Amino acid sequence: MITSKLPNVGTTIFTTMSQLAAETGALNLSQGFPDFNGPQALLDAVGKHIALGHNQYAPMTGLPVLRQQVAAKIARSYGATVNPDSEVTITPGATEAIFCAIQAVIRNGDEVIVFDPCYDSYEPSVELAGGRCVHVQLSLQGFALDFEKIKAALSPRTRMIILNSPHNPTGALISRAELDQLAELIRDRDIYLVSDEVYEHLVFDGVPHASVLAHEELYQRAFVVSSFGKTYHVTGWKTGYVVAPAALTAELRKVHQYVNFCGVTPLQYALADFMAEHPEHVEELPAFYQAKRDLFCDLLAPSRFSFTRVTGTYFQLVDYSQIRPDLDDAAMSLWMTREHGVATIPVSVFYQHPPQGQRLVRLCFAKREETLQQAAEKLCVI
Ligand SMILES: Cc1ncc(COP(=O)(O)O)c(C=O)c1O
């Protein structure tokens, strides 16, 4: 019998709910991916580069043209200068970048502070590195960082803090003032940051995304991660990047080199072309997704779900206390999928210790207008 190194890991809820949606024919608002295609020019560019013979290994660090486009976008979006050769690495998805950053830094016995509700890939990556996650809950109202709790969780063994803004599953943003407060708190400590910013361009109502890339002090100890999958509507391409100061990048690349070595070549060429030709894509993304959020929330307004419109990501949390307070959120998600034809994700799966009585499910609104309309019709009669 094998003794598992990850005894607490099973099939993720995202796989389970997507499978159930497929089996039952429910609308899948559970897993976070669009039901529409990426921009045609981007898709066409992949075919072009495959035909041109760009089908062999890319450089380990990523294609130089793509790293240059990433650095140019960072300069435009955040006014920050990063060196595309020594600070930017292209990875097969943000997930690989996060894994490599953790392996590069975390040793046996180190502690990593994560914030609940928390994206599911962080903890197994920390455990495989021999570390331990210390879970700190975000505030129940507004899901903000709770600095008293962070202070209490810090120990001499704390080696990393993992931030995620815009935040999955709550849609909350970390503000510049909070980043300043965090910088002050860890100023004299040997602590690294992973800043998971895969939803960096999905921010609404004119609220800016406070990137760690634009925070000079925090950036010195940070791995900032993003995902082309989220930004260009192509999650299945599993292509992302990580930006970190040169010394940290060098250590991360030692791991990345032996996990995947490099990302998929024609996809990198296509992304580089598209970014050069369509810099407006990222500028238009907030309005594009805000329109979806607003359509979905307007359609849900007559329902018995209660909610506050999210300020970031493509997820909307809804509270179902008025509908089935007797069901916990896992049971509610199954009931909604089987009986009402809409698959959702229960928020408790993102917690080490789910708050008692919390009645929240997560709905993904990265969907075509028809899908959102059909889903809202079903949700309004529950
Ligand atoms: C918070 C967060 N981080 C990372 C990822 C993974 O991104 P990728 O698909 O590029 O690996 C996701 C995808 O859902 C996510 O929600």
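1. Two residues are taken to be in contact if their C-beta atoms, placed from the backbone, lie within 7 Å. On that basis, and leaving out residues up to four places away in sequence, Ala-94 touches Asp-196, Val-198, Val-225, Ser-226, Ser-227 and Gly-240. The structure discussed in this note is a predicted model.

2. Ala-94 belongs to helix H4. The residue counts as buried because 24 C-beta neighbours lie inside 10 Å, and the cut-off for that class is 20 or more. His-201 stands 107 residues from Ala-94 along the chain, and the C-alpha atoms of the two are separated by 15 Å.

3. The ligand is surrounded by 14 residues, of which Gly-93, Ala-94, Thr-95, Asn-168 and Ser-227 are the closest. Two of these names recur from the first point, since Ser-227 is among the residues that Ala-94 touches. Helix H4, which spans residues 93–105, is the element that gives the most to this shell, with three residues. Classed by residue type, the shell holds nine polar, three nonpolar and two charged residues.

4. Two cis peptide bonds merit inspection. One joins Ser-165 and Pro-166, with omega about -15°; the other joins Asn-168 and Pro-169, with omega about 20°. Pro-166 is placed in the loop between strand S5 (158–164) and helix H7 (176–186), and Pro-169 also lies in the loop between S5 and H7. Asn-168, a partner in the second of these bonds, is one of the residues closest to the ligand.

5. Positive phi values occur at two residues that are not glycine. Lys-238 has a phi of about 45° and is found in the loop between helix H9 (228–231) and strand S8 (240–243). For Thr-313, phi is near 70°, and its place is the loop between helix H12 (280–300) and strand S9 (315–319).

6. Are these two residues buried or exposed? Thr-313 counts as buried, with 29 C-beta neighbours inside 10 Å. Lys-238 is partly exposed, because 19 other C-beta atoms lie within 10 Å and a buried residue needs 20 or more.

7. The protein is divided into domain 1 (13–31 + 281–380) and domain 2 (40–278). Their C-alpha centres lie 25 Å apart. Across the boundary, 22 residues of domain 1 are in contact with 23 residues of domain 2. On the domain 1 side, the elements that give two or more residues are H12 and S9. H12 gives the most to that side, with seven residues. By class, the domain 1 side divides into 13 nonpolar, seven polar and two charged residues.

8. The largest nonpolar core has 110 residues, and those with the most contacts inside it are Ala-101, Phe-223 and Val-242. Helix H4 gives the most to this core, with nine residues. Both domain 1 and domain 2 are represented, as the core draws at least three residues from each. H4 thus appears twice in this note, as the element that gives the most to the ligand shell and to this core.

9. Which residues are in contact with Phe-223, leaving aside its neighbours within four places in sequence? They are Ala-101, Val-194, Val-242, Ala-244, Leu-248 and Leu-252. Ala-101 and Val-242, both in this list, are named with Phe-223 as having the most contacts inside the core.

How values were computed: Residues are numbered from 1 along each chain as its sequence is written. This is a predicted model: local features need pLDDT of at least 70, side-chain atom pairs count only at pLDDT 80 or more; totals for chains, interfaces and linings use all residues. A residue is near a molecule or strand if its C-beta atom, placed from the backbone, lies within 6 Å of it. Helices (H or I, at least four residues) and strands (E, at least two) are DSSP runs, numbered from the N terminus. Ala, Val, Leu, Ile, Met, Phe, Trp, Tyr, Cys and Pro count as nonpolar, Asp, Glu, Lys and Arg as charged, and the others, Gly among them, as polar. A residue is buried if 20 or more other C-beta atoms lie within 10 Å of its own, exposed if 12 or fewer, and partly exposed in between; C-beta atoms are placed from the backbone. Domain bounds come from an automatic or database domain assignment. A nonpolar core is a set of buried Ala, Val, Leu, Ile, Met, Phe, Trp, Tyr and Cys residues joined through C-beta atoms within 7 Å.
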